[in-house]
Amino acid sequence: MYKTLTKVLKTVMTDAQIYKHGFNWSPMYRRSTGKVIEVSDDLHYVKIKIPLSIKNKNFVGSIFGGSLFSATDPIYMIQLMQILDNNYVVWDKNATIKYKRPAKETVYSEFHFSEDEIEGIKNQVAKNGEVDIVKSLNIVNINGDIIAEVSKTIYVANKAFYKEKRKAKK
């Protein structure tokens, strides 16, 4: 469904607009209470905010940790899927979050991929068929104080390699 909708939207919107509005309109992402507020034209940069609201306020008045985690969880994977072409398989493989202090106000997070990182991923996949990459980010308040540290392991493989690997496991 999402791929079909994206094809239609590409006739009137840029990839960055589709990425931003697609996340913000998606029921699964909306439930996280996160909001994508900025996306670069090349999709290598994404910024989100997670406002403190009645929907995510916990018993002690701060943002529920699950909201912080779920708002950051899908960004890198979908971002990388959009940057790479359809010859790649991209999956979230592992994630951790370390809470540093309560989020008692709107918080933000930024997601970056450099051109060198993308080329490195493509080269590793061309050489080995697959690669695990680790990306880290901070969730911060408006002053830049770290609220939480997130680490994501993302699996990237050549689609043909991935299909053969799955066949071999059966």
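## A bridge between α7 and β5

Lysine 165 and glutamate 130 bring their side chains together in a salt bridge, with 2.7 Å from N to O. Because lysine 165 sits in helix α7 and glutamate 130 in strand β5 (residues 130–141), this pair ties together parts that are 35 residues apart in sequence. Both partners are partly exposed: lysine 165 has a relative accessibility of 29%, and glutamate 130 has one of 23%. Please keep in mind throughout that this is a predicted model.

Helix α7 holds another pair worth a look. Glutamate 164 and lysine 167 meet through their side chains in a salt bridge of 3.7 Å, N to O. Here both residues belong to helix α7 and stand three residues apart, about one turn of the helix. Glutamate 164 is partly exposed, at 49% relative accessible area, while lysine 167 counts as exposed, at 57%.

## The overall fold

Stepping back from the single pairs, the chain contains seven helices and six strands. Their order along the sequence is α-α-α-β-β-α-α-β-β-α-β-β-α. The radius of gyration is 17 Å, close to the 15 Å that the globule rule gives for 170 residues, so the chain is as compact as a globular protein of that length.

The C-alpha trace spans about 50 × 35 × 35 Å along its principal axes. Of the 170 residues in the chain, 39% are buried.

## A salt-bridge network across two strands

The count of salt bridges comes to nine. One of them joins lysine 152 to aspartate 92, whose closest N and O atoms are 3.2 Å apart. Lysine 152 belongs to strand β6 (residues 146–158) and aspartate 92 to strand β3 (residues 88–99), so the pair ties together parts that are 60 residues apart in sequence.

How buried or exposed are these two partners, lysine 152 and aspartate 92? Lysine 152 has a relative accessible area of 1% and is therefore buried. Aspartate 92, in contrast, is partly exposed, with a relative accessible area of 27%. The two residues also take part in a wider arrangement, since a network of salt bridges links Asp73, Asp92 and Lys152. As a general point, side chains of opposite charge can pair when their charged atoms come close.

## Charged patches on the surface

Lys3, Lys7, Lys159 and Lys163 form a positive surface patch. The elements that contribute two or more residues to this patch are α1 (2–9) and α7 (159–169). Lysine 159, one of the patch members, is placed in helix α7 and is partly exposed, with a relative accessible area of 31%. That value just satisfies the patch cut-off, because patch residues need over 30% relative accessible area.

There is a negative patch too, made of Asp41, Asp42, Glu115, Asp116 and Glu119. Among them, aspartate 116 is found in helix α6 (residues 115–128). With a relative accessibility of 67%, aspartate 116 counts as exposed.

## Two residues with positive phi

Most residues other than glycine have a negative phi. Which loop holds threonine 33? Threonine 33 is in the loop between α3 (27–30) and β1 (35–39). Although threonine 33 is not a glycine, its phi is positive, at about 75 degrees. This residue is also buried, at 10% relative accessibility.

Leucine 43 is the other case described here, with a positive phi of about 65 degrees although it is not a glycine. Its place is in the loop between β1 and β2 (45–50). Leucine 43 is buried as well, with a relative accessible area of 5%.

## A look at helix α1

Threonine 4 makes a handy final stop, as a residue of helix α1. Its relative accessible area is 53%, so threonine 4 is exposed. What separates threonine 4 from tryptophan 91 in sequence and in space? The two are 87 residues apart in sequence, and their C-alpha atoms are 20 Å apart in space.

Notes. Residues are numbered from 1 along each chain as its sequence is written. This is a predicted model: local features need pLDDT of at least 70, side-chain atom pairs count only at pLDDT 80 or more; totals for chains, interfaces and linings use all residues. Side-chain values use heavy atoms; hydrogens and water are left out. Patches are made of residues with over 30% relative accessible area and no salt bridge: like charges are joined within 9 Å, nonpolar side chains (Val, Leu, Ile, Met, Phe, Trp, Tyr) within 5 Å. Accessible areas come from the Shrake-Rupley method with a 1.4 Å probe; for residues, only the protein chains shown count as cover. A salt bridge is a side-chain nitrogen of Lys or Arg within 4 Å of a carboxyl oxygen of Asp or Glu. Lys and Arg count as positive and Asp and Glu as negative; His and the chain ends are not counted. The place of a charge is taken as NZ of Lys, CZ of Arg, CG of Asp or CD of Glu. Helices (H or I, at least four residues) and strands (E, at least two) are DSSP runs, numbered from the N terminus. Buried means under 20% relative accessible area, exposed over 50%, partly exposed in between (1.4 Å probe, protein chains only). The radius of gyration is taken over C-alpha atoms; the globule rule is 2.2 Å times the number of residues to the power 0.38.
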